[in-house]
Amino acid sequence: MEENTAYSNLPEQNSLIKRDSGWRILKKLCRNKSVIVGAVLIFIIIFIAIFAPVLAPNDPYETNAVLAKKGPDKAYPFGCDEVGRCVLSRMIYGARVTIPYSVLALLIAVVIGLFFGLISGYYSFLDNSIMRLMDVLMAFPGMLLAIAIIATLGQGLINVTIAVGLGTMPAYARLIRGAVLSLKKMPYVEASISAGASDFRIIIRHILPNCVPTIIVYSMLEMAWIIMSISTLSFLGIGVTPPIPEWGALISSGKNFIMSAPHISGFPVIFILVTVTGFNLLGDGLRDVLDPRL
Amino acid sequence: MKKYLFKRVVQLPVILLGVIIITFLIVQLSPVDPAVKLAGASARPEVIEAYRESLGLNKSLWEQFWNYLIGIFDWDFGMSFSRKMPITTELKTALINTVYLVIFARIWSILAAIPLGVISAVKQNTWIDKACMGLSLVGISVPNFWLALMLMKIVCVDLKLLPLSGMGTSFFSWNGMKHAILPAIMLGLPQMASIARITRSEMLEVLRQDFIRATKAKGLSKRVVLLRHALKNASLKLVTVIGTQTGYMLSGSVVIENIFAWPGLGRYSIQGILSSDYPVIQASILLFAVMFLIVNLIVDLTYSYIDPRIKY
C-alpha cells in the first residue's frame, strides 16, 4: 500500500494516471491488493444483505424463553440472545438495516456537501460565508454534531441517519470546495468560460465530473466512519429502537450478559469488523490508484 | 506569522458565536417546552406560566438569546429539567473529569504510537512492521465499545486487577489512577493505532529523501539520523493529525465514559439526551466544541512554530 503511494507521487506517474482510459484504470484496480480484498469483503456483506431470508437459519424476531442465552449449536450456530432469538439470523438481517441506512446517510452528506462545496468553490463571493458556516459545524468534534442534531430531531433510526449524514456533510463541502478551486484554474474551464458557457453548464459538465474520483475515494473511507457512528449511537441507546437488529444495537443488547453469555455481543462484532475493514481497504486502494494527491 | 495569528484571533470569536447560536437552536427547535418540563406535565397553567416568566421564555427570541449568551459568560447554563436545579456545579465536575481522562489518554497514546511507528518504518516489511500495522488496522476497525467491554470483562472480572467502573476519590492518588487506567487505555487505543500508522508512512517518506542519505554519509549515528533529522521532519504532519485526533478523542470519550461509568461530560450529555434534559445537552455540547476550538488553535500555533517556513 505504502509502496504504491510513494510510486504514484512521481510526477510522470501522476500525469499518466490522469490520461488513463477507463479500461486501464480498471486493470490497475485489479492489480491493487487492498482494492481486491476490500471489494470482496463488501461484496460478501452486500450478498448477505440481499439474500438474508435464504441465508438466515431462523426467524430473527422469534423469541423463545427456553432458548434464552443458549450457547452456539447446530440449529443456532451463533447461539441465542437474552430472549432466545437466533444471533446469527439477527446479524444477517442486521446487514439489511445497517448497509442501506449507512448509504442513505452517505447520500445525504454527499448531496448537501456537494451543493455547498460547488457553490463555495465556484462563486468566490459566497466562499467566505459558506466556509465559516462549515467551520462552525466542524467545531463539533466527531459524533457530537450528530448527537446535537439527534437532540433536536429526537431518537430513532431515520433521525440518527439524518444526523450522521449532516454531521459528515461539512467535511465533504470543504473537500469539494478545494477540488473546485483547483479545477477552476484548469485551461479547459477557462476555455469554456471564454466560450460563453453558462455557470450552470460549467459546473455540471466540466467541474462536477472531475470531482467524482475524489468523491468516490473519500466516500469509501467515510462509509467506514458512518457505519461505525450509527453502530456506536445505537450502542449508546440513542439510535435504533428494539427489536430492529442493527449491529450496534445487537452488541448493546448483549452488553449486560457479557459475563454469562459473551457470544451475544461477540459475534455481531465480526460483521462490523468485516464491513469497516472492507471499506477502509477499498478506500485506501482506490486512493492509491485514482487520486494520488488526496 | 503575526498576520496569521491576528486572523485566527479575530476568527475565533466569530466561530464561537456560531457555535453558541447552534447550541441555542438545539433547545429552540426541539419539541419540548422547558416551562412544562420543569413544572411537570400535570401542573396548573398558572404554575407553568410562572415558570415561563422566571425562565424568560415569554420574551422575544433575541432577548432569550441575549440572556443565554450573558449566562454562558457567567457560567450559568440554566436549570436541569430532570433534577430541577442549576447545572453549574455538575457541569464543572464533569468537565474536569473529561479533561483529566483525555489528557491521560493523549499522553500514553503519543508515547506509545511514535516509537511504534518509527520502529515499523525502520524495520519495514519485517514481522515487527507487519504485526504493528496489523494490530493498528484492527484498532481502527474493531468497534471500540466492544473492545472496552471485553477488556473490562478480562481485566476487572476475570483477573480482578482493576476496579470495574466509576471514578476514584482523587485523581492523583493510586486509587484514582486505578479507576482511570482502563478508560484511558480504551480512549487512547484507536488514536494510538492511527498515529502509529501515520508516523510510519511519514517516516518512510522522509527516510527516502536525499538529506537523510547525506546525514548517513556524513557518518552520523543511526539514532541522530532517526530522531534529529527524520522524526523532526515527519513531526509536521503528526502535529496536525494529533490535533484533529484529539477532537475525535473528545467525541470518543462519550462512548468510553458511558461504558466505564466515568462521570465526565460525555456521560453527562448522553444522560441528558436519554432524559430529554435540554440544558444539559446544550451545555455539554457547547463545552465540547469550545475545547475542540482551543485544541485546534494550539495545533495551528504549534504548526507554525515547528516549521518556520509556513507563512499563512
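This passage describes the contact between chains A and B in a predicted model, and then the region around helix α11 of chain B.

Turning first to the contact, chain A contributes 34 residues and chain B contributes 39 residues. On the side of chain B that touches chain A, the elements giving two or more residues are α1 (2-29), α6 (127-141), α7 (144-158), α8 (174-207), α10 (222-259), α11 (265-274) and α12 (278-306) of chain B. The most is given by α10(B), with eight residues. Sorted by class, this side of chain B holds 27 nonpolar residues, along with nine polar and three charged ones.

Helix α11(B) deserves a look of its own. Eight of its ten residues are buried, so α11(B) is largely enclosed by the rest of the structure. The buried residues are B:L265, B:G266, B:R267, B:Y268, B:S269, B:I270, B:G272 and B:I273. Their packing partners come from both chains: α8 (144-153) and α11 (199-236) of chain A, and α5 (88-122), α10 and α12 of chain B.

The backbone on either side of this helix also invites a closer look. Most residues other than glycine have a negative phi. In the loop between α10 and α11 of chain B lies B:A261, which is not a glycine yet has a positive phi of about 50 degrees. B:A261 is partly exposed, because 14 other C-beta atoms lie within 10 Å, a count between the limits of 12 or fewer for exposed and 20 or more for buried. Just after α11(B), B:S276 likewise takes a positive phi, of about 45 degrees.

Methods. Residues numbered from 1 in each chain as written. Chains lettered and ligands numbered in written order. Predicted model: local features only at pLDDT ≥ 70, side-chain atom pairs only at ≥ 80, totals over all residues. Contact = placed C-beta atoms within 7 Å. Helix = DSSP H or I, 4+ residues; strand = E, 2+ residues; numbered from the N terminus. Nonpolar A, V, L, I, M, F, W, Y, C, P; charged D, E, K, R; others polar.
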